[in-house]
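Visitor: I am new to reading protein models, and I would like to ask how the words used for them are justified. Could you take me through this one, term by term?

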Amino acid sequence: MLSNNTDSANQAQENDVIKHCPYRLGFHIIPSSGWINDPNGLVFHGGLYHAFFQYHPYSSVWGPMHWGHVTSEDMVHWQRQPVALAPGDEGTCFSGSAVSDNGELHLFYTGHHWTKQENDWQNFKQTQCLATSVDGVSFEKKGIVIADSPLPHIQDFRDPKVWKEGGKWHLILGAQDNGTGQVLYYQGQTPEQWEYRGVLVEADESEGYMWECPDLFKLGSKHILAASPQGLPKHGYHNLSEYQCGYFVGEFDGQSFSHSVFTEFDVGHDFYACQTFETPDGRRVMQAWMGLPATLMETQDSGWAGALSLPRELTLDEQQRVIQKPIKELTGLRQAELLSVQNSEIEAGRHPLDVQGELLEIELSFCLQERTAERFGILLRCGENQEQTMIGYDAMAERIYLDRNLSGHVQGVRSTEHDGSDHVDLHIYLDRSCVEIFSDTAYQTITSRIYPEENSSKVNIFSENGKVTLKSLNIWQLKDIWHP
Ligand code: FRU
């Protein structure tokens, strides 16, 4: 049952350091202290949504991995739960997934062992492990269920994603065979006994040396293989982060997956290691780590780092692209509506709005007919010192963009293709030190961290070198779920 390891991790977790940090997030899953990375074990079990995550309770840098745990009735208001898994004989507890079956919650995860010395990425051993729970809070470790990779030289062998279908258990995991990314496939009659069924997909030369956190699921009439490949070459607007997180659309015939080209889910600076699950009403919902291994995290000095993205509902459009929308439950975060504007002509220049805030939801729609402006959009977290986070549309490039060059401590512009329609829609969530940008007129999202001064909280609208019609603008104050 619960080990002492878990008890001391829980004590570390009780130390709520984030409340003093100006960059704390108000409505995202964050640790109360310590480090988090990948979402793990997203699942509905026992009448609640559960989100687990890679967690190092003892410091704000990556370290011996535990599984942190939060639960929710609506995927919006989260409650902290005791640490679910702490390191043990199997090693530290790397990423994995959850299946609720017959009243029992099964967690599948990778046990990670350094074979020579800690943090020596040349010498380690990974196994796949199981833990179960009936109450969904305390977990009993059942031990290793897949002890060895199919070939002895394969060390990178991790992140099991498990589902039950057709009376059988199915498991895929990410692997690297001599510099080639792979997804391996297993089947089981029970969650303890697994049979290797072969390589489900292998990367070609341009598709990376390792695929972390694979996920396979049905969406519309297709199967989607989501993965976080490492080693993709940068080109044009593509693959600009150190590692990517995206998907292939294809067919899964029960043996192999025919795979198409890779498309990034999100083109922001901080989106990686996504995982999906199916809600009881049949929606496919995805969350990701709002971070990447080597990105700057200004919160580390305040004793915490890392967050999960908002849950996003996935659908497939007619061109077989995966579309992400914020789940409908997120409207439950809305407090006062701060502003509502219809049909307003925006002249060249920047125009202060009568709104301030650090936790905001913003919906805007611009009409492109009769537009003369070259670029237009909204500026968030504006301050005295020229600070601003710019989100807009570049009419020359025909792209929706985020410019965080003046956002504080971080730089960079990221953008995604507009769909060519006669309007530009933006749906933005601002949560102190992050922005998530959705659009009905683009196929990808943009998720990035920002680190402005605490008092930079003004909002402006802007139009450059011409004018544009703002069809509608609505801004809501959102709730801080951790410190109401
Ligand atoms: C992805 C990842 C996984 C691994 C985990 C360790 O970010 O590297 O492949 O299981 O993080 O924390």
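Guide: Let us begin with the word "domain": the bounds of a domain come from an automatic or database domain assignment. For this chain, which is shown as a predicted model, the assignment gives domain 1 (4-329) and domain 2 (334-478).

Visitor: How many residues does the contact take from domain 1 and from domain 2?

Guide: The centres of domain 1 and domain 2, taken over C-alpha atoms, are separated by 31 Å. The contact takes 36 residues from domain 1 and 34 residues from domain 2, where contact means heavy atoms within 4.5 Å.

Visitor: Where does the largest nonpolar core lie with respect to domain 1 and domain 2?

Guide: That core has 64 residues, and Trp 78 and Phe 265 touch the most other members. Because domain 1 (4-329) and domain 2 (334-478) both give residues to this core, it lies between them. Apart from it there is another core, of 34 residues, including Tyr 393, Val 424, Val 468 and Leu 470.

Visitor: Which residues does Trp 78 touch?

Guide: If residues up to four places away in sequence are not counted, Trp 78 touches Ile 29, Tyr 49, His 50, Ala 51, Val 70, Thr 71, Ser 72, Ile 481 and Trp 482.

Visitor: What makes strand 4 and strand 20 the edge strands?

Guide: Five strands form an open sheet in the order 4-3-2-1-20, with mixed pairing. Strand 4 (78-85) and strand 20 (304-305) each pair on one side only, and they are the edge strands.

Visitor: How do you know that strand 3 and strand 4 pair?

Guide: Two strands pair if at least two bridges are found between them, and five bridges join strand 3 (residues 66-72) to strand 4, so the condition is met for these antiparallel strands. Within this pairing, Gln 81 in strand 4 is the bridge partner of His 69.

Visitor: Why is Met 75 called buried?

Guide: Met 75 lies in the loop between strand 3 and strand 4. Buried means under 20% relative accessible area, and Met 75 has 2%, so it is called buried. Met 75 also has a positive phi of about 65°, although it is not a glycine.

Visitor: And is Asn 119 buried, exposed or partly exposed, and what makes it so?

Guide: Asn 119 is found in the loop between strand 6 (104-114) and strand 7 (124-133), and its phi is positive too, at about 60°, although Asn 119 is not a glycine. Since exposed needs over 50% and buried needs under 20%, the relative accessible area of 47% for Asn 119 falls in between, and therefore Asn 119 is partly exposed.

Visitor: Why is Ser 407 called buried?

Guide: Ser 407 has its place in the loop between strand 28 (399-403) and strand 29 (413-417). Its relative accessible area is 0%, which is under the 20% limit, so Ser 407 is buried. Leaving out residues up to four places away in sequence, Ser 407 touches Glu 387, Gln 388, Thr 389, Ile 450, Tyr 451 and Pro 452.

Visitor: What makes the approach of Asp 159 to the ligand a polar contact?

Guide: A polar contact is a pair of N or O atoms within 3.5 Å. An N or O atom in the side chain of Asp 159 is 2.5 Å from an oxygen atom of the ligand, so this pair meets the definition. A polar side-chain atom of Asp 38 lies 2.8 Å from a ligand oxygen atom, and a backbone N or O atom of Ser 95 lies 3.1 Å from an oxygen atom of the ligand. The residues around the ligand also include Trp 62, Arg 158, Glu 212 and Trp 289.

Notes:
Residues are numbered from 1 along each chain as its sequence is written. This is a predicted model: local features need pLDDT of at least 70, side-chain atom pairs count only at pLDDT 80 or more; totals for chains, interfaces and linings use all residues. Side-chain values use heavy atoms; hydrogens and water are left out. Helices (H or I, at least four residues) and strands (E, at least two) are DSSP runs, numbered from the N terminus. A nonpolar core is a set of buried Ala, Val, Leu, Ile, Met, Phe, Trp, Tyr and Cys residues joined through side-chain atoms within 4.5 Å. Buried means under 20% relative accessible area, exposed over 50%, partly exposed in between (1.4 Å probe, protein chains only). A residue is near a molecule or strand if one of its heavy atoms lies within 4 Å of it. A polar contact is a pair of N or O atoms within 3.5 Å; within protein, one must be able to donate a hydrogen and the other to accept it, and residues adjacent in sequence count only if both atoms are side-chain atoms.
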